[in-house]
Amino acid sequence: MYYSLIGVLALLIMFITNHDVLLKRHPSSETPVQKKYRRFLLAVVAYYVTDIAWGVLDGLHLMFWLYVDTELYFIAMALGVLCWTRYVIEYLGNKSFFRRYLHYTGNIIFVGVFVMIVVNLFYPVFFWFDSSGAYHTGIARHIALLSQIILMLMTSVYALRVSARTKDDERSRYLTIGLSGLLMFVLVSVQMFEPMLPLYAIGYMLSCCMLHTFVIENERNEHRRNLESALEREKRQLEELNAAWRMAYTDALTGVKSMLAYSDKTK
């Protein structure tokens, strides 16, 4: 049961920090980047739900449902990595061969995990539970997790490389994306050898907080500053236009209304 507490905490933090994204009323108005980010968050939520359920079902020794949840757990894990990769390459927007490589690699890994999970129903290549209810991992689980770890690393390095070629706020956002991916890479690498530690959930929790604080909020602040600058320019233009009209309607020598003002008045 205690295993589930980290997942519950991470899920609560997710809804607190990203409720405006997760509960968006008009998803159709989102940009492609926002759609990818929202799908990534939903995949993380699905992972948290299966992770929380795993701890509860294990504590209650409901072996059938625990097996089903474990299958869904690994699918949600692979889906999260896939959505993360798609979000990063969409956000960076850098048209390159490596971008396409990451996209197709993410798809292949997800399909491969899904196929191995189906095979595991008939032959325990991914995981199994013994007669006492103890959890065991198979070779397919290690291959799947290792491939996801490598994909996280490549995606993070890609983001860091792109950040090195940019500047100002854009560079800090790209750098945050790369570092958050490296954080997940480290924690998931440790979990590969310690499967009962909730490091994957912790990695998602910390990375999502970093993305929300240093990427999403930074974008909003930049948009707000641009909007304020545009309003200020419009205000100055309006003041200049009013000043020009006053000059046109006022006689420079006498300070009274000009003939132009009189003509417009009598029209």
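Colleague: Which backbone oxygen does the side chain of Arg38 reach?

Modeller: In this predicted model, the side chain of Arg38 comes to 3.2 Å from the backbone oxygen of Leu22. Arg38 itself belongs to helix α2.

Colleague: Is Arg38 buried or exposed?

Modeller: A residue is called buried when its relative accessible area is under 20%. Arg38 has 17% relative accessibility and therefore counts as buried.

Colleague: Where does Thr166 lie, and which backbone oxygen does its side chain reach?

Modeller: Thr166 is in the loop between α5 and α6. The side chain of Thr166 reaches the backbone oxygen of Ser163 at 3.0 Å. Because its relative accessible area is 17%, Thr166 is buried. Leaving out residues up to four places away in sequence, Thr166 touches Arg171 and Tyr174.

Colleague: How should the largest nonpolar core be read, and which residues touch the most other members?

Modeller: The general idea is that nonpolar side chains tend to be buried together in soluble globular proteins. Here the largest nonpolar core has 61 residues, and those touching the most other members are Phe40, Tyr47, Tyr48, Tyr87, Ile177, Tyr200 and Tyr204. Elements that each supply at least two residues of this core include α1, α2, β1 and α7. Helix α3 gives the most, with 14 residues.

Colleague: Which residues is Tyr200 in contact with?

Modeller: Setting aside neighbours within four places in sequence, Tyr200 contacts Tyr47, Met77, Val81, Leu145, Gln148, Met152, Val188 and Gln191.

Colleague: How many cavities of 30 Å³ or more does a search of the whole structure find?

Modeller: The search finds 2. A cavity is a space where a probe fits but cannot get out, whereas a pocket is open. The largest cavity has a volume of about 150 Å³. Among the residues that line this cavity are Met77, Leu145 and Gln191, three residues that are also in contact with Tyr200. Helix α3 provides the largest share of the lining, 3 residues. By class, the lining has 9 nonpolar, 1 polar and 2 charged residues.

Colleague: What lines the second largest cavity?

Modeller: Its lining includes Tyr48 and Tyr204, both named among the core residues that touch the most other members. This cavity holds about 30 Å³ of space, and its lining has 8 nonpolar, 1 polar and no charged residues.

Colleague: Which residues lie nearest the centre of the largest pocket?

Modeller: Of the 14 lining residues, Val21, Gln34, Ile216, Glu219 and Arg220 lie nearest its centre. The pocket contains about 320 Å³ of space, and its lining divides into 6 nonpolar, 3 polar and 5 charged residues.

Methods: Residues numbered from 1 in each chain as written. Predicted model: local features only at pLDDT ≥ 70, side-chain atom pairs only at ≥ 80, totals over all residues. Heavy atoms only, no water. Core = buried A, V, L, I, M, F, W, Y, C linked by side-chain atoms within 4.5 Å. Buried < 20%, exposed > 50% of the residue type's maximum accessible area, 1.4 Å probe, protein only. Helix = DSSP H or I, 4+ residues; strand = E, 2+ residues; numbered from the N terminus. Contact = heavy atoms within 4.5 Å. 1 Å grid on protein atoms, 1.4 Å probe; cavity = no way out; pocket = protein on both sides within 12 Å on 5 of 7 lines; lining within 4 Å. Points joined across faces, edges and corners; volume = space filled by probe spheres on them. Nonpolar A, V, L, I, M, F, W, Y, C, P; charged D, E, K, R; others polar. Polar contact = N/O pair within 3.5 Å; in protein donor to acceptor, adjacent residues only side chain to side chain.
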